[in-house]
Amino acid sequence: MRFAAFVSVLRSLGPVVIGISLGFTLSLLSVSWTEETCYLGDADIEDGSVGQEALLLNGARKPSSLAGSSNDVESEEDFEPKIIPYKQVQQQSAPKKLIRAKYVSTELGIRERLFVGVLTSKNSLSTLGVAVNRTISHHLDITIFFTGTRNRKVPHGMFVVSHGDERQIWNMYQTVKYLLEHYVHEYDWFYLVQDDAYTEADRIKELVEHLSVSRQLYMGRPEEFIGGEMEGKYCYGGYGFLLSRTLLLKLQPFLENCRNDILSARPDEWLGRCIIDYTGTNCVSQHEGLHYYHYELEKNSDPSKEASEEFRRALTVHPVSDPEQMYRLHRFFTELELQRTYEEIAKLQAEIKNVSVEAFDGNRTAQWPVGVTPPFEPKTRFEVLSWEHFTEEEIYSCVDAAPKCELKGIDHVDVSDVIEVALAELNKKYMPVLHMKKQTLLNGYRRFDPIRGMEYMLDLQLEVVSQKGHSRSITKRVHLVRPLSKIEIIPMPYVTEATRVHIIIPLTTQLKNHVTHFLEVFAANAFETSENAVLTFLFIYDPVEAQQVNQNDIFASVKTQITSLERKYPTIKIPWISVKTETPSQIKFMDIISKKHPVDTLFFLATVNTNINSEFLNRCRMNSINNWQVFFPIHFQDYNPEVAYHNQPYPTTVDLIRDAGHFDRMSFDEACFYNSDYMSTRTQMVADVQENEEILESLDIYEMFVKYSSLHVFRATEPALHQQYRYQHCNPRLSEEIYHRCVQSNLESLGSRSQLAMLLFEQEQGNAT
């Protein structure tokens with residue numbers, strides 16, 4: 001009985017005992033394998049006494065149950081905890097300012113695709129060099145001309161690098177060195193070509209788009225070395241050649257050795273030997289299925305008569321004898337590319353039509369015209385695009401909100417062009433069965449869609465003539481779209497906002513009362529902010545006022561204000577010039593001022609009513625480009641306060657809103673231009689001035705630049721240029737056009753049409769009562 005009771009107790013406690021024993025055993029094993037190793041002092045490491053055991057401890061932490069030597073045991077028994085005193089953490093110095101790249105592409109290491117270098121000379125730079133620049137530069141990101149020596153005057157719009165020596169090998173060496181120093185980290189491919197070769201720019205761009213940037217590639221027309229003593233082939237320079245960035249970087253350490261060790265009579269052969277010797281890369285005409293096509297042009301050949309397929313697919317054509325032949329080649333290949341573009345468009349349109357048939361709604365899912373962006377869909381009634389109604393003589397949406405006005409200028413050209421295109425498309429569709437002639441335009445509608453372009457609807461009265469000679473008059477509605485073309489970035493010369501602006505203020509007797517307000521505003525916007533600008537007054541006396549200047553100077557009060565400002569701002573000087581004339585003229589004034597300033601001076605010709613601030617001065621600097629562009633801003637003109645705020649208090653500040661004023665398109669008083677541009681344009685009109693001296697009084701500076709210069713005349717509304725209301729005294733001695741513009745400006749500056757209508761209404765109501 002006792003044994004049975006013992007067995008029953010054992011059965012009940014057995015699992016508990018086994019579980020406790022197993023847990024205890026596992027805990028011991030866990031402690032043995034996770035115990036941290038002892039710290040190995042620096043002395044052990046320096047003495048080299050750390051052996052295999054230390055490596056085991058560092059790698060797989062040796063169990064303490066397997067610890068071997070008595071020294072280890074003694075070290076564990078003698079171990080005492082150490083108290084490490086607290087040391088205040090020394091404050092770190094201020095972190096260095098992180099300098100970010102100016103452009104994201106620079107920080108990310110994104111490079112441009114193609115660099116083009118043209119090898120030219122002093123004699124051919126102004127002939128073939130100019131022809132090359134005009135045919136390819138606007139298709140490429142960058143085109144630089146390399147020459148030994150050059151004339152002092154560089155042709156306009158060309159970036160020329162002169163090496164200072166006419167030796168051809170030296171120039172090739174300096175050119176490659178220049179690429180390695182300035183552009184090897186910015187471009188993936190480098191194309192070098194002579195100025196007597198025509199290059200189809202779009203094809204060379206397309207070629208490099210399909211080439212891997214990581215390849216050491218030397219591509220062109222392969223040529224055997226002279227004498228045949230060397231294996232490999234170099235690229236003949238007449239047809240140009242491509243060099244990869246990877247190849248140039250590999251060649252860079254050995255370029256100096258090539259200059260000293262390799263002797264050759266031709267620069268392209270010298271470069272080929274250098275590349276083969278130090279990189280082991282031969283010239284190839286094809287790579288991974290891509291071909292470098294070229295064509296040898298016969299002397300005095302006509303490109304329009306060249307019918308071979310080899311010529312039509314050529315990437316470069318050589319030799320080109322004169323600029324005229326270069327332009328003829330460019331015309332031929334441009335027409336060829338245009339034809340291929342039209343064919344590709346037709347294929348894409350046909351493909352869209354074929355695919356749209358399989359859609360659920362059939363052809364109705366294809367937008368019209370095929371391939372053009374679908375029309376804009378307004379979300380609210382305020383976004384609905386309005387149609388303009390026009391005929392061949394009049395348009396029913398005018399700038400001044402008149403019900404209708406004459407169709408003239410660019411609008412008349414636009415309508416005429418659309419009608420011609422409509423007739424051409426109709427005859428293309430129905431001929432030779434029917435021939436259509438325009439009788440009249442019944443109705444025309446147009447609207448500008450910001451997504452797809454200008455849309456037109458024309459109701460045409462047509463005379464339809466059949467093949468048998470029968471004619472009939474019909475009405476046909478035609479829909480047309482002038483789609484928005486691809487945006488093109490036009491390269492512009494570099495300008496900076498650090499340029500000093502010389503502000504010229506002509507002042508007559510009628511305007512001297514406005515000087516006080518002008519100087520207060522200008523001092524706050526320019527003198528207080530240390531704006532990089534110089535203010536110059538031009539005092540205009542008539543002959544009678546000039547004789548009395550010693551007894552009664554009409555500008556004495558203005559000169560006193562200038563003196564007080566110079567005392568208030570010791571670093572500021574406000575020069576002034578006195579002029580005597582019966583007929584004030586902008587050109588006469590600028591003739592005097594231009595002689596007193598350097599050629600690189602930036603002028604801003606303004607009026608005393610103009611409020612000038614830093615925002616506009618910066619735009620004046622950016623929009624005026626020396627030897628390229630002049631800027632004529634359209635200022636915001638306040639309305640006559642007696643009309644705009646009739647029976648209301650005048651506001652302290654005027655906002656740029658419709659009821660407060662308007663942009664005065666009839667005013668050409670403000671202008672930004674460089675002195676060199678003025679002098680060159682003024683020189684062009686010398687012959688006309690000798691025949692008729694009155695032209696100096698009948699023209700203003702705007703008309704002078706438009707008529708006698710090839711510069712871009714940029715005219716745009718300028719919200720930062722604000723002018724208070726004033727009545728202009730129009731000089732009848734000036735030309736009829738200038739006088740008419742002055743009168744029109746006075747009339748339009750009185751007030752808006754609604755404000756004038758309300759005054760007339762109140763006046764009529766008063767007369768009626």
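## Exercises on a predicted model

Y198 sits across from V317, a residue of β13. The model is a predicted one.

**Exercise 1.** Find which strands stand at the edges of the sheet that holds β13, and state why one side of each is left without a neighbour.

*Solution.*
- Start with the pairing. β5 and β13 (residues 316-318) run antiparallel to each other and share two bridges.
- Next, lay out the sheet. It is open, has three strands, and follows the order β5-β13-β12. Its pairing is mixed.
- Now read off the edges. These are β5 (198-199) and β12 (294-296). Each has a single partner strand, so one side of each lacks a neighbour in the sheet.

**Exercise 2.** Locate S304, decide whether S304 is buried or exposed, and give the C-alpha separation between S304 and R331.

*Solution.*
- Place the residue. S304 belongs to the loop that links β12 and α12 (309-312).
- Check the cover. The relative accessible area of S304 is 54%. Exposed means over 50%, so S304 is exposed.
- Take the distance. S304 and R331 are 27 residues apart along the chain, and 9.2 Å separates their C-alpha atoms.

**Exercise 3.** Place Y342 in its helix, classify its accessibility, and name the nonpolar surface patch that includes Y342.

*Solution.*
- Find the element. Helix α13 (residues 323-357) contains Y342.
- Classify the residue. Y342 has 54% relative accessibility and therefore counts as exposed.
- Assemble the patch. Y342 joins L338 and I345 in a nonpolar patch on the surface. Together the three residues have about 300 Å² of accessible area.

Notes: Residues numbered from 1 in each chain as written. Predicted model: local features only at pLDDT ≥ 70, side-chain atom pairs only at ≥ 80, totals over all residues. Heavy atoms only, no water. Pairing = 2+ DSSP bridges. Helix = DSSP H or I, 4+ residues; strand = E, 2+ residues; numbered from the N terminus. Patch = residues over 30% accessible without salt bridge, like charges linked within 9 Å, V, L, I, M, F, W, Y side chains within 5 Å. Areas by Shrake-Rupley, 256 points an atom, 1.4 Å probe, with all protein chains shown as cover. Salt bridge = Lys/Arg side-chain N within 4 Å of Asp/Glu carboxyl O. Buried < 20%, exposed > 50% of the residue type's maximum accessible area, 1.4 Å probe, protein only.
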